Amino acid sequence: MKKSRLFILALDGTPFTLLQKLFREGVMPNLKNLAEESVFMQMDSVQPPVSSSAWASFMTGKTPAQHGILGFVDRTPADMNWYIPNAEHLRAKTIWQILSEKGKRVFVMNVPVTFPPKPVNGISICGFLGNDIRKGVWPPEIGTLLKARGYRIDADTEMAKTNLPAFMDHLFTVLEKRLETMRFFYKQERWDVFMTHIMETDRLHHFFWEYFEQGHDLFKARFMELYRRIDVEIGRILAEAEDDTAFLLLSDHGFCTLRYAVYLNRWLTDNGYLFFRSKPPAGLHEIAPLSRAYSLYPGRIYINLKGREKEGSVEPGTEYEQLRSELIIRLKTIMDPSGRPVVKQVLRREEAYPEANAEEIQRLPDLITEAFRGYDLKGDLGHAALFNKTIFNGMHTDDDAFILAKDIAVAEERFSIDKLFRAVEGFFE
Ligand SMILES: [Zn+2]
């Protein structure tokens, strides 16, 4: 029968290759069975492969250059202040708004960049950019209900810094709240599209990925247990699903072991491109006027450009182009403490985002630095060392997300997450 409703489950940061491994080891039998009767393949993330950017692309069908979300932080060059991009900064309508306008009933829970909430024909529960559930939901009155049910927007990652075993337990608790809330609304709401996003997988990977890969006694078993728990829930959803339901499961990026955090602003300072008024600098506004370049996470390089940055020092035109060319060459010479190269390539913004129009291109970083696997290009200001190992032991990759599509048409050739918007829109036409 023709399917008329769509159930979407998002596992943030779950790699295609990890699922293949978990299938082989018998950890996810329900998902494995579903994959065998579905389109199941590897998918690309976006540039940069951060959750805000990738989910914004899924929801709008645009690339980061077009929708305007290029990371967890951004800056206003005229006053050199930070801000955290959220739904208000999205430069395109979301699939939830579009389907609502067509009269479809929408349920969407925990997807990044849905805060602050926008009106939908149904329910929208914000993801991790919101911090008070009562302000993060549409319609507003369900905030009180969620609060009373003990719903959690996100895990408390601060806990990981002091007590990893307790943080692992906490991830299971938060996941349970999410699944319980999903079941509650799945039963009682009338919906055409129902999307639940699970962030706990991403949080698990950031703190436990290396333990899993190395076969740590306790953490490897617990890592697999979290996936087993998700698989049990998938089995329940499939058993209870009506005949009219199609399924779409996906992640937004892959994961790998983090070898080193690399502090590009340290490198720019050590190499005479960046100066601060005070040490340690309190923010971008403390970048001294002589500076020529600075960086934001991940690997975004901005030229301190006259007429754009508050105290720009680099002339547009020849000087700007010469500086970009020089940085492209010099950034590639960065070596890690064991002598391995860190930077895979450095692209000019017009090369990295050829789809961007003249207006969009003006908002983009001047250079985009892409590292080899395992190097996380941080944007901290005034960090003491160029390289560091931190509590984080997993990091995102741009090439190992997954897509599983049953009874919804998707392209057969490899594609990136922004292309799924069209698949979802097309399903309802
Ligand atoms: Zn992440």
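Let's start inside the protein. The second largest cavity is lined by Met-80, Leu-284, His-285, Ile-287, Ala-288, Asn-304, Lys-310 and Glu-311. Sort that lining by class, and you get four nonpolar, two polar and two charged residues. The space in this second largest cavity comes to about 70 Å³. One caution before I go on: this is a predicted model.

How many cavities of 30 Å³ or more does a search of the whole structure find? Four. The largest cavity has a volume of about 80 Å³. Its lining takes 13 residues. Nearest the centre of the largest cavity are Thr-94, Trp-96, Thr-114, Lys-118 and Ser-124. By class, the lining of the largest cavity holds eight nonpolar, four polar and one charged residues.

Now step back to the domains. The protein is divided into two parts on your screen: domain 1 (5-258 + 394-427) and domain 2 (260-388). Notice how domain 1 is written, with 5-258 and 394-427 joined by a plus sign. How far apart are the C-alpha centres of domain 1 and domain 2? They lie 30 Å apart. The contact takes 25 residues from domain 1 and 30 residues from domain 2.

On to the pockets. The largest pocket holds about 880 Å³ of space. It is lined by 29 residues. Which of them are closest to the centre of the largest pocket? They are Phe-72, Arg-203, Tyr-297, Lys-378 and Phe-392. Look for these five in the structure.

Which elements build that lining? Four elements each supply at least two residues of the lining of the largest pocket: α7 (158-162), α9 (200-214), β16 (375-378) and β18 (394-397). Helix α9 gives the most, with four residues. Both domains take part: the lining of the largest pocket draws at least three residues from each of domain 1 and domain 2. As for class, the lining of the largest pocket divides into 14 nonpolar, seven polar and eight charged residues.

Next, the second largest pocket. Its volume is about 390 Å³. There are 21 residues lining the second largest pocket, and Pro-49, Ala-371, Met-395, His-396 and Thr-397 are the closest to its centre. Strands β15 (367-371), β16 and β18 each give two or more residues to this lining. You have met β16 and β18 already, in the lining of the largest pocket. Here too, at least three residues come from each of domain 1 and domain 2. The class split for the second largest pocket is 10 nonpolar, five polar and six charged.

Now a pair of helices. Two packed helices are described by the angle between their axes and the distance between the axes. Take helix α3 (residues 51-60) and helix α15 (residues 420-427). What are the angle and the distance between the axes of α3 and α15? The angle is about 30°, and the axes are 6 Å apart. The crossing of α3 past α15 is right-handed.

Which residues make the contact between α3 and α15? From α3 we have Ser-57, Phe-58, Met-59 and Thr-60. From α15 come Leu-420, Phe-421 and Val-424. That contact has five nonpolar, two polar and no charged residues.

Last topic: the backbone. Most residues other than glycine have a negative phi, and most peptide bonds are trans. Keep that rule in mind for the next three cases.

Case one is the bond joining Phe-115 and Pro-116. Cis or trans? The bond is cis, with omega about -5°. Pro-116 sits in the loop between β5 (106-109) and β6 (122-125).

Case two is in that loop as well. Val-113 is found between β5 and β6. Is its phi positive or negative? Positive, at about 65°, although Val-113 is not a glycine. So find the loop between β5 and β6, and you can look up Val-113 and Pro-116 on one visit.

Case three is the peptide bond from Lys-279 to Pro-280. This bond is cis too, with omega near -5°. Where is Pro-280? In the loop between α11 (264-270) and β12 (293-296).

To close, here is what to look up on the model. Begin with the largest pocket, at about 880 Å³. Go next to α3 and α15, with their axes 6 Å apart. Finish at the cis bonds before Pro-116 and Pro-280.

Definitions and conventions
Residues numbered from 1 in each chain as written. Predicted model: local features only at pLDDT ≥ 70, side-chain atom pairs only at ≥ 80, totals over all residues. Heavy atoms only, no water. 1 Å grid on protein atoms, 1.4 Å probe; cavity = no way out; pocket = protein on both sides within 12 Å on 5 of 7 lines; lining within 4 Å. Points joined across faces, edges and corners; volume = space filled by probe spheres on them. Nonpolar A, V, L, I, M, F, W, Y, C, P; charged D, E, K, R; others polar. Domains from an automatic or database assignment. Axes fitted to C-alpha atoms, helices over the stretch in contact; angles between N-to-C directions. Left-handed = near helix turned anticlockwise from the far one by under 90°. Contact = heavy atoms within 4.5 Å.
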